[in-house]
Amino acid sequence: MKLSARNCIEGKIVEIKKGPVSTEVTIETKCGRKLVSSITTTSAENLGLEVGKTAFAVIKASNVMVAVNE
């Protein structure tokens, strides 16, 4: 897989909330962080997403905020 996105994070699908139009997919990374993505239900079905399956969160954004604790 070759991508132009700089951030491609591997994890396991831990939750899928399927709706008529959009589906919310939660991916847990190896360090235990959870990333949530909202995709079309058609895309979720075409990808064959299932809980427990390995997936990649691919992030390409023109604006990414950085925060620190004071």
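## Exercises on a predicted four-strand model

Seven bridges join β2 to β3, and the two strands run antiparallel. The model is predicted. The exercises below start from this pair.

### Exercise 1. The β2–β3 hairpin

Find the bridge partners in β3 of Ile 27 and Glu 28. Then examine the turn between β2 and β3.

**Solution.**

Step 1. Take Ile 27. Its bridge partner in β3 is Leu 35.

Step 2. Move to Glu 28. Opposite Glu 28 stands Lys 34, in β3.

Step 3. Go to the turn. Four residues lie between the strands of this hairpin. Gly 32 takes a positive phi there, near 95 degrees.

### Exercise 2. Building the sheet

In what order do the four strands stand in the open sheet?

**Solution.**

Step 1. Begin with β1 and β2. They run antiparallel and are joined by seven bridges. A hairpin of three residues connects them. One bridge to read off: Lys 17 has Glu 24 in β2 as its partner.

Step 2. Add β4. Strand β1, residues 7–18, pairs with β4 over six bridges, again in the antiparallel sense. Cys 8 faces Val 58 of β4.

Step 3. Attach β3 through its seven bridges to β2. The order is β3-β2-β1-β4, the sheet is open, and the pairing is antiparallel.

Step 4. Check the edges. β3 (34–40) and β4 (54–59) each have a single partner strand, so one side of each lacks a neighbour in the sheet.

Step 5. Add the twist. Neighbouring strands are turned by 45 degrees against each other on average, with direction ignored.

### Exercise 3. The chain as a whole

Which pattern of helix and strands does the protein follow along the sequence? How much of the protein counts as buried?

**Solution.**

Step 1. Count the elements. There are one helix and four strands.

Step 2. Read along the sequence. The pattern is β-β-β-α-β.

Step 3. Take the dimensions. The C-alpha atoms fill a box of roughly 40 × 25 × 25 Å along the principal axes.

Step 4. Turn to burial. The protein has 70 residues, and 19% of them count as buried.

### Exercise 4. The cysteines

How many disulfides does a search of the whole structure find? Is Cys 31 buried or exposed?

**Solution.**

Step 1. Search the structure. It holds zero disulfides.

Step 2. Test Cys 8. The nearest cysteine sulfur belongs to Cys 31 and is 15 Å away, and Cys 8 is in no disulfide. The cut-off for a disulfide is a sulfur pair within 2.5 Å.

Step 3. Test Cys 31. Its nearest cysteine sulfur is that of Cys 8, 15 Å away, and Cys 31 is in no disulfide either.

Step 4. Assign exposure. Exposed means over 50% relative accessible area. Cys 31 has 65%, so Cys 31 is exposed. Cys 8 has 36% relative accessibility and therefore counts as partly exposed.

### Exercise 5. The largest pocket

Which element gives the largest share of the lining of the largest pocket? How do the lining residues divide into nonpolar, polar and charged?

**Solution.**

Step 1. Start with the volume. The largest pocket holds about 380 Å³ of space.

Step 2. Locate the centre. The lining has 15 residues, and the closest to the centre are Ile 27, Ala 55, Phe 56, Ala 57 and Val 58.

Step 3. Sort by element. β2 (22–29), β3 and β4 each give two or more residues to the lining. The largest share is that of β4, with six residues.

Step 4. Sort by type. Twelve lining residues are nonpolar, two are polar and one is charged.

Step 5. Single out Phe 56, in strand β4. Its relative accessibility is 40%, so Phe 56 counts as partly exposed. The C-alpha atoms of Phe 56 and Glu 24 are 14 Å apart, with their positions 32 residues apart along the chain counted as separation.

### Exercise 6. After the last strand

Where is the place of Met 65? How far is its C-alpha atom from that of Met 1?

**Solution.**

Step 1. Place the residue. Met 65 is in the segment after β4.

Step 2. Judge exposure. Met 65 has 76% relative accessibility, so Met 65 counts as exposed.

Step 3. Compare with Met 1. The two residues are 64 residues apart along the chain, and their C-alpha atoms are separated by 27 Å.

Technical notes. Residues are numbered from 1 along each chain as its sequence is written. This is a predicted model: local features need pLDDT of at least 70, side-chain atom pairs count only at pLDDT 80 or more; totals for chains, interfaces and linings use all residues. Side-chain values use heavy atoms; hydrogens and water are left out. Two strands pair if DSSP finds at least two bridges between them. Axes are lines fitted to C-alpha atoms, for helices over the stretch in contact, and angles run from 0 to 180 degrees between N-to-C directions. Buried means under 20% relative accessible area, exposed over 50%, partly exposed in between (1.4 Å probe, protein chains only). On a 1 Å grid over the protein atoms alone, a cavity is a set of points where a 1.4 Å probe fits but cannot get out, and a pocket is an open set with protein on both sides within 12 Å along at least five of seven lines; lining residues have an atom within 4 Å of a point. Grid points are joined across faces, edges and corners, and a volume is the space filled by probe spheres set on the points. Ala, Val, Leu, Ile, Met, Phe, Trp, Tyr, Cys and Pro count as nonpolar, Asp, Glu, Lys and Arg as charged, and the others, Gly among them, as polar.
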